[in-house]
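Reader: I should like to go through this structure by question and answer. Please begin with the side chains and then turn to the helices.

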Amino acid sequence: MRLAALALKNIDYETVAINLTKDGGQQFSGEFQALNPMKQVPALKIDGITIGQSLAIIEYLEETRPTPRLLPWDPKKRAQVRMVSDLIASGIQPLQNLSVLKQVGQENQLTWAQQAITSGFNALEQILQSTAGRYCVGDEVSMADLCLAPQVANADRFKVDLTPYPTISRINKSLLALEAFHVSHPCRQPDTPPELRA
């Protein structure tokens, strides 16, 4: 999600791949732990600081580089953007993180991830039916869209049937037509495993 924010705001960046499975997980190295004590990706080094959570990264970029806007001026729409963003970033995405999947066991991972995504998408679809225009909240790309696109990619990865989620599917299709979302898609990153590449 933060790569799309960087692309939308035309911020040059260098990606340093952190392989979550190689060598027992490169996120556990002392070097990476110094960047993000939670031992999770992402971590963004910018303006002399390091920021280690996606929503915090996006909010910082918004506050320091406000064009184009990712949080609407209108307080009600801004609250809706934050609600959708938090629902995805806190209520759906963490439940399919590698650390959680390891805890549920190899044989249960697919079912667990599908249930987590389906439960979250049931709520998200209902919310988006009242907030969406072309995108998650109205007709301007927002932080909520930056959260939605990678979560739909995860849904695809875990073979979730998106038929019951026409609003989510429609918004995602609109997002993937935008260059920033196309280039930042998880299947197009330099460290994406071959079997997950587009």
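Reader: Over the ring of which residue does the charged end of Arg69 sit?

Author: This is a predicted model. In it, the charged end of Arg69 is placed 3.9 Å from the centre of a ring. A charge counts as sitting over a ring if CZ of Arg is within 6 Å of the ring centre and within 35 degrees of the ring normal. The ring beneath Arg69 belongs to Trp73.

Reader: Which parts of the chain does the pair of Phe121 and Tyr165 tie together, and how many residues apart are they in sequence?

Author: The count of aromatic pairs comes to 1. Phe121 and Tyr165 form that aromatic pair, with 5.5 Å from centre to centre and 80 degrees between the planes; planes over 60 degrees apart count as edge-to-face, and this pair is edge-to-face. Phe121 belongs to helix 6 (residues 109-131) and Tyr165 to the loop between helix 7 and helix 8, so the parts tied together are 44 residues apart in sequence.

Reader: Is Phe121 buried or exposed, and what of Tyr165?

Author: A residue counts as buried under 20% relative accessible area. In the protein chain of 198 residues, 43% count as buried. Phe121 and Tyr165 are both buried.

Reader: How do helix 7 and helix 8 pack: roughly parallel or roughly perpendicular?

Author: The axes of helix 7 (residues 143-157) and helix 8 (residues 166-176) are 10 Å apart and make an angle of about 105 degrees. Angles of 65 to 115 degrees count as roughly perpendicular. Helix 7 is therefore, relative to helix 8, roughly perpendicular.

Reader: Which residues of helix 8 are met by helix 7?

Author: From helix 7, the residues taking part are Asp145, Leu148, Ala149 and Val152. The residues of this contact between helix 7 and helix 8 comprise 6 nonpolar, 1 polar and 1 charged. On the side of helix 8, those met are Ile168, Ile171, Asn172 and Leu175.

Reader: How many of the residues of helix 3 are buried?

Author: Helix 3 (residues 54-64) is mostly covered. Its buried residues include Leu55, Ile57, Ile58 and Leu61, and Glu59 and Glu62 are also among them. The count for helix 3 is 8 of its 11 residues.

Reader: Where does Pro94 lie, and what is its relative accessible area?

Author: Pro94 is in the loop between helix 4 (75-92) and helix 5 (98-104). Leaving aside neighbours within four places in sequence, Pro94 contacts Ile88, Ala89 and Val100. Pro94 is partly exposed, and its relative accessible area is 26%.

Terms used
Residues numbered from 1 in each chain as written. Predicted model: local features only at pLDDT ≥ 70, side-chain atom pairs only at ≥ 80, totals over all residues. Heavy atoms only, no water. Axes fitted to C-alpha atoms, helices over the stretch in contact; angles between N-to-C directions. Helix = DSSP H or I, 4+ residues; strand = E, 2+ residues; numbered from the N terminus. Parallel < 35°, antiparallel > 145°, perpendicular 65-115°, else oblique. Contact = heavy atoms within 4.5 Å. Nonpolar A, V, L, I, M, F, W, Y, C, P; charged D, E, K, R; others polar. Phe/Tyr/Trp six-rings, centres within 6.5 Å; stacked < 30°, edge-to-face > 60°. Buried < 20%, exposed > 50% of the residue type's maximum accessible area, 1.4 Å probe, protein only.
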